[in-house]
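Q: Got a minute to walk me through this one? I'd like the overall picture and then some odd spots.

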Amino acid sequence: MTTDTDSASGEPALTIDELAARAGTTVRTVRFYGTKGLLPPPVIGARRVGHYGPGHLARLALIEELQLQGMTLAAIERYLHRLPPGLSDHDLAIHRAVVASWAPDTEERVGPAELRRRAGRPLDDGDVERLVAMDAVRPDGDAYRIDPALFRLAVQLLDLPLSEEAILAARTVLIEHSRAAAHALSQLFRAEVAERTEQDAKSLSADVQPLVVQALLTTFQRSLRHEVHQWLAGQEEPRPS
């Protein structure tokens with residue numbers, strides 16, 4: 001089975017065909033993005049075969065999200081060229097999450113074949129059942145209703161070694177705490193715009209929303225990194241005899 005990186009060397013191990021399939025795009029598109037400088041060049045391996053890794057996949061996902069926001073290719077180029085050099089695939093995922101937060105809630109109805117094409121990977125009946133359990137897919141007759149951003153996230157969760165119960169419990173925690181944070185922040189900003197006109201209040205809300213989302217994502221990322229570090233450090237401590 002092909003993975004994003006070779007287990008022995010840690011080098012990228014996706015061929016261009018596999019990268020395109022995982023990203024839900026075409027080989028021609030991947031090559032086009034490469035010529036435009038939107039994707040870093042692949043690692044050239046044996047027999048002059050180019051190999052790609054998680055960073056390429058994350059950058060393709062970010063490009064797709066920017067396209068969904070209606071950005072032109074020129075605007076996408078400017079956006080990507082302004083990013084700091086050396087971003088990891090995790091950093092790119094954060095940028096993609098911020099971009100996705102700009103979009104209004106959307107829902108699409110897709111057939112089984114389109115559902116699997118959107119996934120960019122094979123989906124068996126068990127995978128679809130897990131996506132339904134995560135509320136990322138809702139059966140609708142002979143088709144499905146999906147939120148495109150939530151669907152892409154849920155498909156990535158299929159590859160994690162987590163039980164369905166753990167994923168659903170995590171979802172509950174995130175929903176409860178995000179709603180609490182949203183309520184507290186809305187109360188704070190409501191006081192700030194109480195004396196302003198309705199149009200000014202709407203304008204301020206539109207300006208503040210992406211900043212608040214980015215702040216929440218960055219703060220959460222750092223907090224989670226700290227918690228994981230503390231947890232691993234505790235595991236490394238010698239047990240009392």
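**Fold and packing**

A: Sure: of the contacts in the protein with a separation of 6 or more, 58% are between residues 24 or more positions apart, where contact means heavy atoms within 4.5 Å. This is a predicted model, so local features need pLDDT of at least 70 and side-chain atom pairs count only at pLDDT 80 or more, while totals for chains, interfaces and linings use all residues. Residues are numbered from 1 along each chain as its sequence is written, and side-chain values use heavy atoms, with hydrogens and water left out.

Q: OK, how many helices and strands are there in the protein?

A: There are 10 helices and 5 strands. Those are DSSP runs numbered from the N terminus, with helices (H or I) of at least four residues and strands (E) of at least two.

Q: And what percentage of the residues is buried?

A: Buried residues are 26% of the 241 in the protein. Buried is under 20% relative accessible area, exposed is over 50%, and partly exposed is in between, with a 1.4 Å probe and protein chains only.

Q: Which residues have the most contacts inside the largest nonpolar core?

A: Leu-19, Val-30, Leu-62, Leu-66, Tyr-79 and Leu-80, in a core of 22 residues. A nonpolar core here is a set of buried Ala, Val, Leu, Ile, Met, Phe, Trp, Tyr and Cys residues joined through side-chain atoms within 4.5 Å.

Q: Which elements give two or more residues to this core?

A: Helix H1 (16–23), helix H2 (27–35), H3, H4 and helix H5 (89–100) do. H3 supplies the largest share of this core, 6 residues.

Q: Is there a second core, and what's in it?

A: A second, separate core has 16 residues, including Leu-123, Met-134, Tyr-144 and Ala-154.

Q: Back to H3. At what angle do H3 and H4 cross?

A: Roughly 135°, with the axes of helix H3 (residues 54–68) and helix H4 (residues 73–81) coming within 10 Å. Axes are lines fitted to C-alpha atoms, for helices over the stretch in contact, and angles run from 0 to 180 degrees between N-to-C directions. H3 and H4 are therefore oblique to each other: under 35 degrees counts as roughly parallel, over 145 as roughly antiparallel, 65 to 115 as roughly perpendicular, and the rest as oblique.

Q: Which residues make that contact?

A: From H3 there are Arg-59, Leu-62, Ile-63, Leu-66 and Gln-67, and from H4 there are Ile-76, Tyr-79 and Leu-80. That contact of H3 with H4 splits into 6 nonpolar, 1 polar and 1 charged. Ala, Val, Leu, Ile, Met, Phe, Trp, Tyr, Cys and Pro count as nonpolar, Asp, Glu, Lys and Arg as charged, and the others, Gly among them, as polar.

Q: What does Leu-80 contact, leaving aside its neighbours within four places in sequence?

A: Leu-80 is in contact with Leu-38, Arg-59, Leu-62, Ile-63 and Leu-66.

Q: And how do H1 and H3 cross?

A: The axes of H1 and H3 come within 10 Å and cross at roughly 40°, which makes H1 oblique to H3. Leu-19, Arg-22 and Ala-23 of H1 meet His-56, Leu-57 and Leu-60 of H3.

Q: Now charged side chains. Is Glu-65 buried or exposed?

A: Glu-65 is buried, with a relative accessible area of 3%. Glu-65 sits in helix H3 and touches Arg-96, Val-99, Ala-100 and Arg-152, not counting residues up to four places away in sequence.

Q: What about Arg-130, buried or exposed?

A: Arg-130 counts as buried at 18% relative accessibility, and its place is in helix H7. Leaving aside neighbours within four places in sequence, Arg-130 is in contact with Leu-158, Leu-162, Ser-163, Glu-164 and Ile-167.

Q: Switching to backbone: what is the phi of Arg-48?

A: Positive, about 60°, although Arg-48 is not a glycine. Arg-48 lies in the loop between strand E1 (43–44) and strand E2 (50–51) and is exposed, with a relative accessible area of 69%.

Q: And the phi of Asp-135?

A: About 65°, also positive, and Asp-135 is not a glycine either. Asp-135 is in the loop between helix H7 (125–133) and strand E4 (137–140), and is partly exposed at 37% relative accessible area.
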